[in-house]
Structures are given as structure tokens and as C-alpha cells.
Amino acid sequence: MAATTKGKSKSTSKSFSKETYLTWFESMLLMRKFEEKAGQLYGQQKIKGFCHLYIGQEACVAGAVSALEEGDKYITAYRDHAHPIALGSDPRKIMAELFAKETGISKGKGGSMHMFDKEHHFFGGHGIVGGQIPLGAGIGFAEKYNKSGKLCICYMGDGAVRQGAFHEALTIAMTWKLPVIFVIENNGYAMGTSVSRTSNVTELYTLAEAYDMPSEPVDAMSVEEVHHAVEKAAKRARKGDGPTLLEFKTYRYKGHSMSDPAKYRTKDEVEEYKAKDPIEQVRATLLKKKYATEKDIEKIEDKIKEQVAECVKFAEESPYPDPSEAFKDVYAQHDYPYITG
């Protein structure tokens, strides 16, 4: 019988400290303000190419980072600016990457969709839809092989579950009991097409039933619910019981990318989700529990505003890569005899 958990993820009795709530608030607010600024800069043509914003989905990564351990690995698709921010990467380098500058987190070579940070265990940032899913399983295999006690959390969009790579990865991950947490960030639309128009199966977590893999839906507008679900899946992975599939029910306030006007949904729908905004929920908790005053929150907001401004200044003042950089970081073997002319 399949081990799928029916119904919505429920919170445990565990409560969170003042420090955790403050960390969540500051981290998610930095993601939000960073992305809002990135959108403005894209409109000014200072950022070019593709650009997919994370606005509205911040709890998906903030709650996971608080639930996991140092050394656990992260991999995601191309909506990837917020993940390294949550993991502690220098946001100046992330902004510089958006500007295609040599000081960028991927040396200006990856741009918006290909952020990497080995130091913070962030394995990208992948532009091919679903391409990161078997890679996530492979990272989990490496952790099991090396007996590290660590795991990989692998994010994907709701559209990616239509890829064969998703099913192949789940098959082998469950067969080999790999320490992987597969996360579907279901924001309702694969680009501009609703989930209900692409498949008869709209409760995406139930796809795990085919592999006897434990799975559950999660209210990912709540950072607490995300933490609880990831913590539970992590315990299973570390015990050697294998992977879990989590469907994060989330929402993006902006279009699929900066070129998407998002006319396929109503203003009322967007406002309905904004009423459950993850950052505003944490703000309300901070005030209700008297973990922070309005003045304390204002100070955090001012700090974030200055931090984002510094990111932009750093990116604008950084140089572009030298043309010779195009031939570097292509092969692991530096003297590989490929033809350059």
C-alpha cells in the first residue's frame, strides 16, 4: 500500500523561538525586497535575459533552511535568486550575477537562472525544466554512498512533474532509499497554464503513490508548516528510510517571468493569496507575541533597504568579465585539448 499521507500537512505542537521568527522575517523580507528591486532593474534594462521572480513564495525556502542542517544540499530550477539568499550567500554577488558582472556568484556566466554557491551547498539554478530532479537524486546518492548523514532537498515547479526525468528520479530514489526531499513548488501555473488544464491529477503529491513514496501537501504560505513538513521528511531520510515528496501549495504574485503579464488569472485571485502573505503572517506573529515592536520591525526594514541598495551599487560598479573567461570553467581538466580558434 502506498505511504501517501492524505489531507493537508498539520502542525506539530512544536513552538518556535523569538530568534527563529526574527530570522524568518529578516530572511524573507530580504528575498522580497531583493526581488522587487530586481524587477525594477529589469524594467530599466540593467538586467537582461530571462528573470523569474520568487515574490510570494519566500516561505518555501525559509522554512526549509530552518528545518535542515548545515551541510545538507539544495538544488532547484531557474526561479533561484531566493534560495542562496536564504542559505547565507552574499546578496551583492547574486545581484552582480544578474548584471552579468565578473563579481557575480557564477562569475557573471550564469545570469538569473544559473546561480551556484558551493560554499553554502547550493547546487543551482537549472534552466532545463526538470533537469535538476535526477541531479538531486544523484546528490542524495553521493551523500548515502559517503555515509555523510546529510541529504539533498530538490525543488521543482508544478510543470516539471510532467517530465519523464521526474518519474525516473523518483523510481530510483525510492528503490535505493536515497536521502532526498523532493519538493514541488506548486504556484498553480506552469508558466501560464493552470494545473487543472495540464493533467487529470491536480493533487500533485499523490503522484508519489506510484512509487510507495511518502508524500503530503503543505500550506507553503505558512513558514511554520514548511518547517514542520521538511523536518519530518529529513528525519525519515537520515534514518535511511528514503525520500519524501512534498507538494508546497504556494503562489507567485508576479508572472512566470518578467515577460509574462499574467493575464490568465484574476486580480481577486492574486489578492486572495496576498491576504495570506508569508511575510505578513510572521510580522503579525512577532507583534502578537511581543517578540518585536513596530519600531523594531521598522529598523529591520530600514536595514534591508540599505542592504539591497548596497547590492545594486556593488553590481553597477563591478566590471564585466574579460572575454577570455568564456574559455574558462568549461572543462574540469584545465589543459583539455579543445580547439579555441
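I looked first at Tyr253 and found the charged end of Lys274 over its ring, 5.5 Å from the centre; a charge counts as sitting over a ring if NZ of Lys or CZ of Arg is within 6 Å of the ring centre and within 35 degrees of the ring normal. I then turned to Tyr320, where Lys101 lies over the face at 4.8 Å from the ring centre.

I noted that this is a predicted model, in which local features need pLDDT of at least 70 and side-chain atom pairs count only at pLDDT 80 or more, while totals for chains, interfaces and linings use all residues. Residues are numbered from 1 along each chain as its sequence is written, and side-chain values use heavy atoms, with hydrogens and water left out.

Next I looked up the aromatic pairs, of which the structure holds 9 (rings of Phe, Tyr and Trp, the last by its six-membered ring, with centres within 6.5 Å; planes under 30 degrees apart are stacked, over 60 edge-to-face, the rest tilted). Phe16 and Tyr21 are edge-to-face, because their ring centres are 6.2 Å apart and their planes stand at 90°. The rings of Tyr21 and Tyr291 have centres 6.1 Å apart and planes at 40°, so I entered this pair as tilted. It links distant parts of the chain, with Tyr21 in helix H1 (residues 18–43) and Tyr291 in the loop between helix H9 (278–288) and helix H10 (294–317), 270 residues apart; helices are DSSP runs of H or I with at least four residues, numbered from the N terminus.

I also checked accessibility (buried is under 20% relative accessible area, exposed over 50%, partly exposed in between, with a 1.4 Å probe and protein chains only). Tyr21 is buried at 6%, whereas Tyr291 is partly exposed at 22%. I closed with the aromatic cluster formed by Phe16, Tyr21, Trp24 and Tyr291.

Terms used
Helix = DSSP H or I, 4+ residues; strand = E, 2+ residues; numbered from the N terminus.
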